[in-house]
Amino acid sequence: MTATKGRAWTFGDHINTESILTTGRERDLESAKAHVLEYYDPEFPKKVQPGDFIVAGRNFGASSGRQAGRVLKAKGVKAVLCDSAGRVFYRNTWNMALPVLQCAGLRDKVEKGDELEVDIEQGTIKILKTGEILKTDETPAILMEIYRAGGMLEWIKSRRHLYKTLEPDLNQ
Amino acid sequence: MGGHTIAEKILARASGKQEVFPGETVIVDVDAVFMHSPDYKFQHFEEIGGVKSVFDSEKVVVAAGHHLFLPADQKKADAAKYVREGCKRYGIKYLYDMGTGNGHYLMVEKGHVWPGAVAVGSDSHTTAYGCIGALASPMNWETTEVMLSGKAWFRVPPTILVKIDGSPQRGVSARDAAQHVLNTIGADGALWHAVEYSGRYINGLDIQQRMIFSLLTTEMGGTCGLVEPDEVTLAFMKGRSRRPFQPVYNDPDAGYVDTLEVDLPELEPQIAVPPQPHFTKPVVELAGTEINQAYIGGCTGGGIEDMRMASEILRGRKVHPEVRLIVVPGTRDILGQMLKENLVQVFMDAGGLVTPPYCGPCQMHCVGNLGEGEVMIGTHPRNYPGRTGAHTPTYLASPYTTAAAAVVGKITDPRQFL
């Protein structure tokens, strides 16, 4: 059972990473968390609950390739659901073991506060108020593998013998 | 069977395949890895444990002076120290420290990339190096893994062709043309795509002006932006490339998913309005908007031609008394050329500040920050909220338009000064 229920926080198109992780807060996660996405929704940093979802329009995570997903993850966001995501944000965030599921047309069907049930392995989003189940775009196999390992760092550790740049066994 | 684009051919060669097709996932050998502030990547190395070195000491380049230029507080000073120590510890040979320049100009100028190379970088503007026909793409968080394996995965991008022919009006520059293309394609119009820039106008530009196009491709969501190598490219690379190389060209029957033709003679000076770089209007529509700071520099405005354009307007004129003008050369070599051409004197006489080379006040790094509510116009690539403050409206334009605004104190059509 991989499905998880949570509430939706809705955003528009082209939400940029600098509004998720403001310049000047890159080396201060607590401060970044206190201001995350406040430009677009001042309530978000104060009221988002662990297990909630972001539901956004096109190109969520546009612009800079900073560690924006890390702030969302630290706030307990369970997954980013969007019509589409910025390419670097998408790659980065899956590598942090925070899923980004893309589904064109999703944003128009969801309102702020709606309850959703999301199955990351199956790639489905159920909108509980209507019962509609949406199928998300297929996630590249390599990103699913990294996600299942617990993110890029855990994935590297789990296959360290494949890297000639790493000591094969840390205990030696 | 149809021919292939440069992007497809570079990815095929780098993945050891005969040919690859858009949509396919490939794993490629990487020729260059760029980073400016890799402190969190080195923290990753510590977390992984047992990291002996990066995959190739010649292929990883750190430009610490890009952001961590003259650290203004203890936290940044410590970050810079940690980056320097990490470079030594992990065998990274090329460290460009304070005063050397903006990392994107340095990667190209110092020959760390070449036509046909694959480069990835921990900066979303890594698409820049497509200006010489390299396939260059931002990867950010994943550069930790690339530094250990020397490999990266790509989804082979379909290519959009942009053709720009004809001569621009006086006062219209490459930035105006690139800004127009960004506006037309849109902020996600090239998501997971390559964009290739061609036409006689592009071929007539120097490498740094071509970089404006490849770099701004990232603002369209693109995987990479490319210019097919030509005589200008090969002359530029002579004696510069750190590796012998075989340029990669398009097949004559290469397949494009879309083509955009720009009618250059008709184009007026363009300006991006806050809060997103693709919101573009003709400058005349914004005329009269007051500004507090004007900035010539950044990875789309720190080239020698940018400095020449700005100086055309500023020579013999004064910066408006209520405006601060900051000029940031892209690299030390560019600053050297400005000194030879007496351009530093021109900017100083006008009342501007010329800083050593670094990435500039495109965001709140080091110097040139804006006060709450202040308005900036600059030649840099981005104006999103959260870069220079949440409420600091920022306009993006050519060196001509930026310099003209510095003189008048308001956004102004620069053609009246030319």
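**Exercise 1. Where does Gly189(B) sit in chain B, and is Gly189(B) buried or exposed?**

Start with the secondary structure of this predicted model. Gly189(B) belongs to the loop that links helix 6 (174-185) to strand 9 of chain B. Next, count neighbours: there are 20 C-beta neighbours inside 10 Å of Gly189(B). The cut-off for buried is 20 or more, so Gly189(B) counts as buried. Finally, pick a distant partner for scale. Val327(B) is 138 residues from Gly189(B) in sequence, and their C-alpha atoms lie 32 Å apart in space.

**Exercise 2. Work out the order and the pairing of the 4 strands in the open sheet of chain B, then see what packs on that sheet.**

Step one: the order reads 10-9-8-11, and the pairing is parallel.

Step two: look at the edges. Strand 10 (224-227) and strand 11 (258-263) of chain B each have a single partner strand, so one side of each has no neighbour in the sheet. On average, neighbouring strands here are turned by 20° against each other, direction ignored.

Step three: zoom in on one pair. Strand 9 (residues 194-198) of chain B runs parallel to strand 10 of chain B, and 4 bridges join them. Within that pairing, Val195(B) stands opposite Gly225(B) of strand 10.

Step four: add the helices. Helix 8 (residues 207-216) of chain B packs on the sheet and touches strand 9 and strand 10, with its direction at about 150° to that of strand 10 of chain B. Helix 1 (residues 6-14) of chain B lies across strand 8 (159-165), strand 9 and strand 10, and makes about 105° with strand 10 of chain B.

**Exercise 3. Describe the overall build of chain B: how many helices and strands are there, and why can chain B be called as compact as a globular protein of its length?**

Count first: chain B has 13 helices and 18 strands. Now compare radii. The radius of gyration is 20 Å and the globule rule gives 22 Å for 418 residues; the two are close, so chain B is as compact as a globular protein of that length. For the outer dimensions, the C-alpha atoms fill a box of roughly 60 × 55 × 40 Å along the principal axes. As for burial, 61% of the 418 residues of chain B count as buried. Last, check the contacts between residues at least 6 apart in sequence: 78% of them join residues at least 24 apart.

**Exercise 4. Which residues touch the most other members of the largest nonpolar core?**

The core has 182 residues, and the answer is Val80(A), Leu81(A) and Val113(B). By element, helix 13 (residues 399-408) of chain B gives the largest share, 7 residues.

Now follow Val113(B). Skipping residues up to four places away in sequence, Val113(B) touches several others, including Ala32(B), Met107(B), Tyr129(B) and Ile132(B).

Then try Leu314(B), which is part of helix 10 (residues 304-314) of chain B. Leu314(B) has 28 other C-beta atoms within 10 Å, so Leu314(B) is buried. Apart from neighbours within four places in sequence, Leu314(B) contacts Val346(B), Phe347(B), Ala350(B), Ala403(B) and Val407(B). A distance rounds this off: Leu314(B) and Ala406(B) are 92 residues apart along the chain, while 8.7 Å separates their C-alpha atoms.

**Exercise 5. Take chain A apart: which domains does the assignment give, and in what order do the 7 strands of its open sheet come?**

Domains first: domain 1 covers 3-137 and domain 2 covers 140-172 of chain A. Their centres, taken over C-alpha atoms, are 26 Å apart. In the contact between them, domain 1 of chain A takes part with 5 residues and domain 2 of chain A with 6 residues.

On to the sheet. The strands come in the order 4-3-2-1-5-6-7, with mixed pairing. Strand 4 (100-102) and strand 7 (132-135) of chain A are the edge strands, each pairing on one side only. The average turn between neighbouring strands is 30°, direction ignored. At the strand 4 edge, strand 3 (residues 79-82) of chain A runs parallel to strand 4 of chain A, joined by 3 bridges. Cys82(A) has Gln102(A) as its bridge partner there.

**Exercise 6. How many residues does each chain bring to the contact between chain A and chain B?**

Chain A brings 35 residues and chain B brings 43. On the chain A side, helix 4 (87-95) and helix 6 (152-158) each supply at least two residues. Helix 4 of chain A has the largest share of that side, with 5 residues.

How values were computed: Residues numbered from 1 in each chain as written. Chains lettered and ligands numbered in written order. Predicted model: local features only at pLDDT ≥ 70, side-chain atom pairs only at ≥ 80, totals over all residues. Rg over C-alpha atoms; globule rule 2.2 N^0.38 Å. Buried ≥ 20, exposed ≤ 12 C-beta atoms within 10 Å, placed from the backbone. Contact = placed C-beta atoms within 7 Å. Pairing = 2+ DSSP bridges. Axes fitted to C-alpha atoms, helices over the stretch in contact; angles between N-to-C directions. Core = buried A, V, L, I, M, F, W, Y, C linked by C-beta atoms within 7 Å. Domains from an automatic or database assignment.
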